[in-house]
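This report goes through selected local features of one protein chain. The sequence and the model are shown first.

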Amino acid sequence: MNEAPLGLLFGILAALIILSGFFSGSETGMMSLNRYRLRHRAKSGHRGARRASKLLEEPDSLISTILIGNNLVNNLAAAIATILAIRMYGDNAVVPASILLTLVFLIFAEIIPKTIAAYKSETVAYTVSHVLLPLKSLLFPVIWLVSHVTHFVLRLTRIEKNDGSEHIGLEELRTIVGEAGHLIPKHHKGMLMNILDLEQITVDDIMIPRNEVFGIDIDANTDTIIRKLRDAEFTRIPVYQNDIDNIVGLLHQRDIINSVDEQGRVQRDALLQAIRDPYFIPEGTPLNTQLFNFQKQKRRLGIVVDEYGVMQGIVTLEDLLEEIVGEFTSNLSTDTEDIVHQSDGSYLVDGTTTIRDINKSMKWELPTDGPKTLNGLLLEQLESFPEASVGVSIGRYRFEIIEIKGNLIQSVRAYTKTKARR
C-alpha cells in the first residue's frame, strides 16, 4: 500500500468516503421510514417495501450490518489518509490530515447523506435494501458474534431487549389524524376524531331528557292515542302506562298500518300487540359500547335508566351516529333552534339545551363533568330555584335567566364577559 501510486490511493479514499456516506444514509433512511406506510406498501406488493420490511424485522441485525460496514470503511479511510499524509508531507502532517479528513467525512459522509435520507427516506431505503440484504447474509457470522456479545452485556446491565412491536394509543392516534394535513379531507378527519372520542362520551350526554320525551299512554282512549300518533315526529315511539317513568314498550309507526281494519279504523288490540319490549340502557354507558350494543341487540332506540331503574331519557342510534358524522338534515321537527345568535353578540339559549351542544355551537368550554343541560348547570350554581332576571357567572361566561316555567328554566341570555355588548 505504501508503494501504490498516489492517484490510486486518492481514488480508494474517495471511494471509501462514498461508501461511508452510503452506510450513513442507509441508517437514517431505514430508521426514518413510516412503518405503517411501509407495511401498507409491502402488502400492496411493492418490492422495495418488502425488502425494507424484511430488514426491519430484525432491527438489531440491520444496525449491526450498517455499523460494521461503516466502521470498516472509516478505519480503512483513516489508514489510507495517514499513508498519503506521510508520503506527501512527512510525519508532521498526520494530525492536520486527520483533522481535514474528519471535516471531509463530517460533511460528505455524514451530514449530506443523512440529510438527503431524512427528506427522501422511502427512496433511499428501497434503493439501499438491494445492497443491505445480501450484505447482511454475507456478514452473518460477524453479526451473530456481535449480537451475542451485545445481548450478554445488556443482560449484565439488566436492560431488557425490546420486542420491536409498536403500539399506538388513542392520544397518539389523535395526533396522527390531526397532523395528516391534506392527506385526509377535513370532513373525514372530523369523523375520525369523533370516533376516537366516543369512549369519552356517554349516553347521558346525547340522550333526549325525560321531560322532552314524546310517548303514548297505553291507558289513554283510542282517539287520544290516534291523535298523538298523528302528531308524532318520530318513527319509534315509547309507550308507557300512566306515567312516563313506567315504560312498557316501543311502537313503530309502520305497525300502525297493520292495525287498521278494512273500514280504516285502528284496532286497539292489534295496536297493543304490535308494541315491542323496551330496551333499557344503564346511565353512564360510553357511546362506543352502546354502538356495539345497538348492533348486537338489533335495536335503534333505548331507554336510559339510573341505578334505581328510573327513566332519565332516551337515546337513538341516529343520535349516536350524529356524534360521528354530524347532524342529519332529515329531522322532521319544525321547532326553532335552541341557540339563537343576537345582534348584540349574545345568545338566546333554551334551558334544556345540553352543555355539549352549547360548547360545540358557540365554541365555549363550559364544564361537562356535572349536569348535562344548561338548566341543570345553572340550578347547580344557584343551589335553588331562581327568579327571572337572575344573573349567573361561570368562569368567563355570563348567563341571565329570561324565563322560568314551573321548576324549569326556559330561556337564558348567554355571553362572554370579554365580549363587549352594544
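The sections below cover salt bridges, helix packing, a surface patch and several individual residues.

**Basis**

The structure is a predicted model.

**Salt bridges**

Side chains of opposite charge can pair when their charged atoms come close. The count for this model comes to 10 salt bridges. Three of the pairs are listed here.

| Pair | N to O distance | Citation |
|---|---|---|
| E58 and K136 | 3.1 Å | salt bridge |
| K114 and E110 | 3.1 Å | salt bridge |
| E323 and R356 | 3.0 Å | salt bridge |

The side chains of E58 and K136 form a salt bridge at 3.1 Å, N to O. E58 sits in the loop between helix 3 (47-56) and helix 4 (59-89), while K136 belongs to helix 6 (residues 121-138), so this pair ties together parts that are 78 residues apart in sequence. E58 is partly exposed at 41% relative accessibility, whereas K136 is buried, with a relative accessible area of 16%. The value for K136 falls under the 20% that bounds the buried class.

K114 and E110 also meet through their side chains in a salt bridge. Both residues lie in helix 5, four residues apart, which is about one turn of the helix. K114 counts as partly exposed at 29% relative accessibility, and E110 is partly exposed with a relative accessible area of 22%.

Where do E323 and R356 lie in the chain? The salt bridge between E323 and R356 has an N to O distance of 3.0 Å. It links distant parts of the chain, with E323 in helix 15 and R356 in helix 16 (residues 355-362), 33 residues apart. Both E323 and R356 are buried. Elsewhere, R37, R41 and E122 are joined into one network by salt bridges that share partners.

**Packing of helix 9 and helix 15**

Two packed helices are described by the angle between their axes and the distance between the axes. Helix 9 (residues 186-196) packs with helix 15 (residues 317-325) at an angle of about 125 degrees, and the two axes are 7 Å apart. That angle makes helix 9 oblique to helix 15. From helix 9, the residues that meet the partner are H187, M191, N194 and I195. From helix 15, E323, I324 and V325 take part. E323 thus appears both in this contact and in the salt bridge with R356.

**Nonpolar surface patch**

A nonpolar patch of about 830 Å² lies on the surface. V95, I99, L103, L106, I107, F108, I111, I112 and I116 make up the patch. I112 is in helix 5 (residues 94-119), the helix that also holds K114 and E110. Is I112 buried, partly exposed or exposed? At 38% relative accessibility, I112 counts as partly exposed.

**Two residues with positive phi**

N242 has a positive phi of about 70 degrees although it is not a glycine. N242 is found in the loop between strand 3 (236-241) and strand 4 (243-252). It is exposed, at 59% relative accessibility.

K363 is likewise not a glycine, and it has a positive phi of about 60 degrees. Its place is the loop between helix 16 and helix 17 (374-382). K363 counts as exposed at 68% relative accessibility.

**Surroundings of L301, T354 and A270**

L301 lies in strand 6 (residues 301-305) and is buried, with a relative accessible area of 5%. Which residues does L301 touch, not counting residues up to four places away in sequence? They are R236, L250, Y279, F294, I314, V315 and T316. Of the contacts, T316 is 15 residues from L301 in sequence and 4.2 Å away in space, C-alpha to C-alpha.

T354 is placed in the loop between strand 9 (347-350) and helix 16. T354 is buried, with a relative accessible area of 11%. Leaving aside neighbours within four places in sequence, T354 is in contact with D205, K372 and T373.

A270 is part of helix 13 (residues 268-273). With a relative accessible area of 29%, A270 is partly exposed. A270 and I256 are 14 residues apart in sequence, and their C-alpha atoms are 8.6 Å apart in space.

Definitions and conventions: Residues numbered from 1 in each chain as written. Predicted model: local features only at pLDDT ≥ 70, side-chain atom pairs only at ≥ 80, totals over all residues. Heavy atoms only, no water. Patch = residues over 30% accessible without salt bridge, like charges linked within 9 Å, V, L, I, M, F, W, Y side chains within 5 Å. Areas by Shrake-Rupley, 256 points an atom, 1.4 Å probe, with all protein chains shown as cover. Salt bridge = Lys/Arg side-chain N within 4 Å of Asp/Glu carboxyl O. Buried < 20%, exposed > 50% of the residue type's maximum accessible area, 1.4 Å probe, protein only. Axes fitted to C-alpha atoms, helices over the stretch in contact; angles between N-to-C directions. Parallel < 35°, antiparallel > 145°, perpendicular 65-115°, else oblique. Contact = heavy atoms within 4.5 Å.
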